[in-house]
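Work through the exercises below with the sequence and the model side by side. Try each task before reading its solution.

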Amino acid sequence: SSGINAEYGEIDTLKAQLHKVKVKLGIVEDERETCEGRYRNQREENEKVADGAMKTEAELRESNRKLNQKETHCQGLESELGRVAANLKQVTTQVTPTLCKFALSVLMCGTTFLCV
């Protein structure tokens, strides 16, 4: 009977060890679930950040496109201004002698404009 009692003692020891392992397994499973939850939350947060970055990048591209349009428009205005300035210079060069002759004739002939 002492042999049977020894075997029961071993069985009880093994049952106690099995119980400890089951408890430990439960703790590890809980930790794993917590970890997976944190992983999911972090992944979702990362996706939100990535979505925000893509939106910001799209807004930046649109803003740059508008900026380039304005720059092109300004360059066109600058070219137009250069053409107008050149035209003004040409007209001034042509008109100045005529104005001087007219002013001289007014001074010499008075306001009667009889002189040609």
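**Exercise 1: Overall build**

Buried residues make up 2% of the 116 residues in this protein. The model is predicted.

Task: State the secondary structure content and describe the exposed surface.

Solution.
- Step 1. Count the elements: there is one helix, and there are zero strands.
- Step 2. Locate the helix: α1 covers residues 2-109.
- Step 3. Turn to the surface: about 10,700 Å² is exposed. Carbon and sulfur atoms supply 61% of that area.

**Exercise 2: Salt bridges along the helix**

Task: Find how many salt bridges the structure holds. Then work out the geometry of the one between Glu47 and Arg43.

Solution.
- Step 1. The total is five salt bridges.
- Step 2. In the bridge between Glu47 and Arg43, the closest N and O atoms are 4.0 Å apart. The cut-off for a salt bridge is within 4 Å.
- Step 3. Both residues sit in helix α1, four residues apart, or about one turn of the helix.
- Step 4. Check exposure. Glu47 has 41% relative accessibility, and Arg43 has 36%. Partly exposed runs between 20% and 50%, so both residues fall in that class.

Task: Describe the spacing and N to O distance for Glu57 with Arg61, and for Glu62 with Arg65.

Solution.
- Step 1. Glu57 and Arg61 meet through their side chains at 3.3 Å, N to O. They are four residues apart in helix α1, about one turn.
- Step 2. Glu57 is partly exposed, at 46% relative accessible area.
- Step 3. For Glu62 and Arg65, the closest N and O atoms are 2.5 Å apart.
- Step 4. Glu62 and Arg65 are three residues apart in helix α1, so about one helical turn separates them.
- Step 5. Both count as partly exposed: Glu62 at 32%, Arg65 at 39%.

**Exercise 3: Surface patches**

Task: Which residues form the negative surface patch?

Solution.
- Step 1. The members are Glu29, Asp30, Glu31 and Glu33.
- Step 2. Place one of them: Glu31 lies in helix α1.

Task: Name the residues of the nonpolar surface patch, and explain why Ile11 is accessible enough to belong.

Solution.
- Step 1. Ile4, Tyr8 and Ile11 make a nonpolar patch of about 310 Å².
- Step 2. Ile11 lies in helix α1.
- Step 3. A patch residue needs over 30% relative accessible area. Ile11 has 39%, so Ile11 passes that cut-off. Ile11 is classed as partly exposed.

Note on methods. Residues numbered from 1 in each chain as written. Predicted model: local features only at pLDDT ≥ 70, side-chain atom pairs only at ≥ 80, totals over all residues. Heavy atoms only, no water. Patch = residues over 30% accessible without salt bridge, like charges linked within 9 Å, V, L, I, M, F, W, Y side chains within 5 Å. Areas by Shrake-Rupley, 256 points an atom, 1.4 Å probe, with all protein chains shown as cover. Lys, Arg positive; Asp, Glu negative; His and termini not counted. Charge placed at Lys NZ, Arg CZ, Asp CG, Glu CD. Helix = DSSP H or I, 4+ residues; strand = E, 2+ residues; numbered from the N terminus. Buried < 20%, exposed > 50% of the residue type's maximum accessible area, 1.4 Å probe, protein only.
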